[in-house]
Amino acid sequence: MTRFVQNQPKRAAFLSGTIFLFLYWLLGFDGITFSDDVYYLLAGKSFWEGTMEVNAYHFSSRWGAYVPSGFIGFILGFDPHKISLISLLSYVGSLYLLIKILPMGSNPWVLALWASTQVYFLHFLTKVYPDSLLVFWTVLVPFSAYFRKENPFLASLGVILGLFLGFITKETIVFLAPLPILLFIWDRKNQNSNTPFYFGILGWGLLFGAAYLSYFWIKFGDPFFRVSSINAGHYISEFTYADKGPWAMFRRLSYLPILTWVERSYWLWIVLALPGVWKTWKTKHSPGIEFALTAFCLILGFWFMSSTLEIYNPIYLNPRHLIILVPILAFLIPLGWGIWEENPKVKQLLIALIALGVGISLVQKDFKMVVFQASFLGIFWIKNSKFQTAFLFLILIVPALASIFYQEKIKAYTDFIETLSKELNSTENQSIIIVNDFVKFSEEVLFPEDEKAKIQLFPLEKLDSLKGIHPKEIRVLIYEYYLHAYPQEQEEVDGLEAWLKQHYSLEKEAKENKVWIRTFTQSSE
């Protein structure tokens, strides 16, 4: 084993990273998110049953988000955990591409660690979301561009496939649309014409673009129907800025992205990728150039891109969307790893930026993030490369594993499913069960093809319609995960409690972990 690790470090690092990702996928599943993943799970199921219809809802034409995952469900059965295997395949495939083109002299173990341990990146490993699939397509674009001189035909096809398949998975891939232009400028500046590659980009781009627009023209009579549906799908909400005045826009376009990157644990990836960018710019070596320009496009896109073409509204920086940054930054980190030992100015800059992150976390009173970020300062004083890698392993793996226990603590998903299933299957009591809105929303995923569940589960938001019926007996199951994920439901819970107190008497009550189940009977007049 020791000889294998020493003689074939890339294979050893890839194998270790794959095993870690698999074990996390196997053991870290904490249920569905009761949100958009419900749509993608059901859409994938419908597609392979032949009943899925593309319509004005912009999620419906994200084929890449539900067709591959639906195929997994079609083969292995409709189980959210099994279906999320598609996310594991995306992550492992991305890691393979990264390690395959990592230059000699760069540490593959450093790459594998940074590419496999970001907490949000791992959280969506066990989920069915387009963002986790988009990880692979995002990596494929600079990976393919690296071979533009060696094999321009396949390289241009790979770039366009990454952009096209990425776009039909999720529109975020448009952040990389400027990349071929930037590469063209770079090549011209450095007297590397690579003309066949760029003609290939134009040819393949026109071919795939024409096919895509033609589909919507034929089906809906409008080649730009998809653009209209995207605009319609982004509306004024708590996550928009254009409607909230100049100050909200200023905050979003100035310092909020930095606060988000710190708060959501992306800051260290960005900071420690900077030496790799600096070295790449100085040496002008591939594949660093391709990945540095990709990182630039992504960060610029996340910072300034609008969510709609109708008005300028900077996108909300959802930490789930940001996971596509992880593999790109992870590739750049080993390229510049250890530069600070030779260049004191680089070391000072990195320490200052990490200290900034620590300071922001202190202000936010996020002491876990303070400890996490501050611990990385130790890397700058460890000279032995083996000890340095071991220390890096410790401070990256421990938080990643701790996140499994954290999610179990705040969610208690298994207890919730067991309790709700028991109530639905009860032969003694067939009364309706009032549940959180997000539970009712997810019923077809939680209890597929269980018609009784659809009848018995009653959402909080429709309490007013229940008041007119005034049933003699009701059950109430409150899943207290709402306090973490959907705090806006507190108002509905308060309204329910007031109505129950006025019209019903408590007969039975049980509470375990995050699940609170009660039975009420109508009070005597």
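**Exercise 1. In which helix is Ile 201 found? Establish its setting and its contacts.**

The structure is a predicted model, in which local features need pLDDT of at least 70 and side-chain atom pairs count only at pLDDT 80 or more, while totals for chains, interfaces and linings use all residues. Residues are numbered from 1 along each chain as its sequence is written, and side-chain values use heavy atoms, with hydrogens and water left out.

Step 1. Ile 201 is found in helix H12, residues 195–220, where helices are DSSP runs of H or I with at least four residues, strands are runs of E with at least two, and both are numbered from the N terminus.

Step 2. With a relative accessible area of 12%, Ile 201 is buried; buried means under 20% relative accessible area, exposed over 50%, and partly exposed in between, with a 1.4 Å probe and protein chains only.

Step 3. Not counting residues up to four places away in sequence, Ile 201 touches Ser 156, Val 159, Ile 160 and Pro 180, contact being heavy atoms within 4.5 Å. For Pro 180, which is 21 residues away along the chain, the C-alpha separation from Ile 201 is 7.9 Å.

**Exercise 2. Describe the surroundings of Ser 61 and of Ser 229.**

Step 1. Ser 61 is found in the loop between helix H3 (36–49) and helix H4 (63–76), and because its relative accessibility is 2%, Ser 61 counts as buried. Apart from neighbours within four places in sequence, its contacts are Val 54, Ile 168, Phe 216 and Arg 226.

Step 2. Ser 229 lies in helix H13, residues 225–233, and is likewise buried, with a relative accessible area of 5%. Once neighbours within four places in sequence are left aside, Ser 229 is in contact with Ala 56 and His 58.

**Exercise 3. Characterise the second largest pocket and the helix that gives the largest share of its lining.**

Step 1. The second largest pocket holds about 740 Å³ of space. Of the 30 residues that line this pocket, the closest to its centre are Gly 105, Ser 106, Asn 107, Pro 108 and Pro 334. On a 1 Å grid over the protein atoms alone, a pocket is an open set with protein on both sides within 12 Å along at least five of seven lines, a cavity is a set of points where a 1.4 Å probe fits but cannot get out, and lining residues have an atom within 4 Å of a point.

Step 2. The lining divides into 12 nonpolar, 15 polar and 3 charged residues, and its largest share, 4 residues, comes from H16.

Step 3. H16 (267–283) has 17 residues and reaches 25 Å from its first C-alpha to its last, close to the 24 Å expected at 1.5 Å a residue. A kink of about 30 degrees lies at Leu 274 in H16, shortly before the proline Pro 275, the bend being the angle between axes fitted to the seven residues ending there and the seven starting there. Among the buried residues of H16 are Trp 267, Trp 269 and Pro 275.

**Exercise 4. Find how many cavities of 30 Å³ or more the structure has, and describe the lining of the largest.**

Step 1. A search of the whole structure gives 3 such cavities, and the largest has a volume of about 40 Å³.

Step 2. Residues that line the largest cavity include Leu 21, Tyr 91, Phe 121 and Pro 327. The largest share of this lining, 4 residues, comes from H6.

Step 3. By class, the lining has 7 nonpolar, 2 polar and no charged residues.

Methods
Points joined across faces, edges and corners; volume = space filled by probe spheres on them. Nonpolar A, V, L, I, M, F, W, Y, C, P; charged D, E, K, R; others polar. Expected span 1.5 Å × (residues − 1).
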